[in-house]
Amino acid sequence: MRDRYAVVGNPVAHSRSPQIHAEFARATGQDLEYGLIEAPLDGFERTVEEFRRQGGKGLNVTVPFKEAAFRYCRKASRRAQAAQVVNTLVLSASEVLGDTTDGIGLVTDLTRNIGFDLGGKKLLLMGAGGAAQGVVQALLDAGVSQLMVANRTMSRALALAARHGVEACGYEELQGRSFDVVVNATSAGLASDAPGLPDSAFKPGALAYDMVYGLDTPFLVQARAAGARAFDGLGMLVEQAAESFFVWRGVRPDTRALLARLRSGQAL
Ligand code: NAP
């Protein structure tokens, strides 16, 4: 039987992970299958246990289960412990290991694919949900000089910032502050909405990054109008998937060709 993997979430039907992992498997000669599992909102653990019982080897975890996955795993990698969220589970009969690949996925896209040096930069991170939690430590490790967390619900921003010893604020407090990099880790773009960010938040020539992919979100439109270079989250999606693939299979797929094909709209 082929090794089985899947992405679990709710909703999950829109996920491009099955296509991406099928392409990685083809390109690296790995014999595996990768599916989609929609878990009931109150049934994450039950769903994962069933998959594990049937011999499933690993799962990607997406909205809204990343915090539940951290609580569920028996062992967590160092980066998962720092993030307190898990997007990658390694499963066996005796073990459940949790890992977090969103942070390295974002940093790899910014530094290697986009060619932006994060060293010494002032960065604004918008959002304090699973995605934002998953990337703070990796951004700090990449050498940003200042990281500010802004979120609609202030208590979540404060909790995330306190865990990493960085600053937090509400959007209304951003007047008069400007940043070299603005990362939108909110889901606002999915609803054609944007956090209430002043245009002055973008320094001249700033880089703006929306984790939402495949949409020209209001945030990206605002960023371009304010003179920033704007990127969506497709590269992060591919890079975090490549890191999960490496965690599971010990083989690192080449992401550049796949990303170029996805960007040009070619079917995989
Ligand atoms: P989540 O845990 O549900 O958190 C959502 C975040 O968005 C919260 O901070 C929430 O603020 C904020 N938010 C939602 N609507 C908003 C609005 N209208 N105005 C301002 N803030 C708003 O979701 P998540 O897991 O963090 O994911 C966030 C986004 O990142 C999703 O769209 C997801 O698809 C994307 N993502 C992409 C990748 C990738 O590889 N490209 C990886 C991970 C996630 P409150 O706390 O105030 O509710």
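A residue counts as near the ligand if one of its heavy atoms lies within 4 Å of it. In this predicted model, 25 residues surround the ligand. The ligand takes up the space of the largest pocket. Two cis peptide bonds, a positive phi and a tilted ring pair are also covered below.

**The shell around the ligand**
- Among the 25 residues around the ligand, Ala131, Asn151, Arg152, Thr153 and Arg156 come nearest.
- By residue class, the shell holds 11 nonpolar, 9 polar and 5 charged residues.

**Polar contacts and burial**
- Arginine 156 places a polar side-chain atom 2.8 Å from an oxygen atom of the ligand.
- Aspartate 193 also uses its side chain: a polar atom there lies 3.0 Å from a nitrogen atom of the ligand.
- Glycine 233 takes part through its backbone, where a polar atom is 2.9 Å from a nitrogen atom of the ligand.
- The ligand on its own exposes 920 Å², and the protein buries 82% of that area.

**Pocket and elements**
- The largest pocket is the space that the ligand takes.
- Two or more shell residues come from each of the helices α6 (130-141) and α9 (234-249).
- Helix α9 gives the largest share of the shell, with 3 residues.

**Aromatic pairs**
- Two rings pair if their centres lie within 6.5 Å, and the count here comes to 6 aromatic pairs.
- One pair joins tyrosine 5 and tryptophan 248, with ring centres 4.7 Å apart.
- The planes of these two rings stand at 40°, so the pair of tyrosine 5 and tryptophan 248 is tilted.
- Planes under 30 degrees apart would count as stacked, and those over 60 as edge-to-face.
- This pair links distant parts of the chain, as tyrosine 5 lies in strand β1 (residues 3-9) and tryptophan 248 in helix α9.
- The two residues are 243 residues apart.

**Backbone exceptions**
- Most residues other than glycine have a negative phi, and most peptide bonds are trans.
- Asparagine 10 and proline 11 are joined by a cis peptide bond, with omega about 5°.
- Proline 11 sits in the loop between β1 and α1 (17-28).
- Another cis peptide bond runs from valine 63 to proline 64, and its omega is near 0°.
- Proline 64 belongs to the loop between β3 (58-61) and α3 (66-72).
- Glutamine 84 is not a glycine, yet its phi is positive, at about 60°.
- Glutamine 84 is found in the loop between α4 (78-83) and β5 (88-91).

Terms used. Residues numbered from 1 in each chain as written. Predicted model: local features only at pLDDT ≥ 70, side-chain atom pairs only at ≥ 80, totals over all residues. Heavy atoms only, no water. Polar contact = N/O pair within 3.5 Å; in protein donor to acceptor, adjacent residues only side chain to side chain. Areas by Shrake-Rupley, 256 points an atom, 1.4 Å probe, with all protein chains shown as cover. 1 Å grid on protein atoms, 1.4 Å probe; cavity = no way out; pocket = protein on both sides within 12 Å on 5 of 7 lines; lining within 4 Å. Sits in = over half its atoms within 2 Å of the grid points. Helix = DSSP H or I, 4+ residues; strand = E, 2+ residues; numbered from the N terminus. Nonpolar A, V, L, I, M, F, W, Y, C, P; charged D, E, K, R; others polar.
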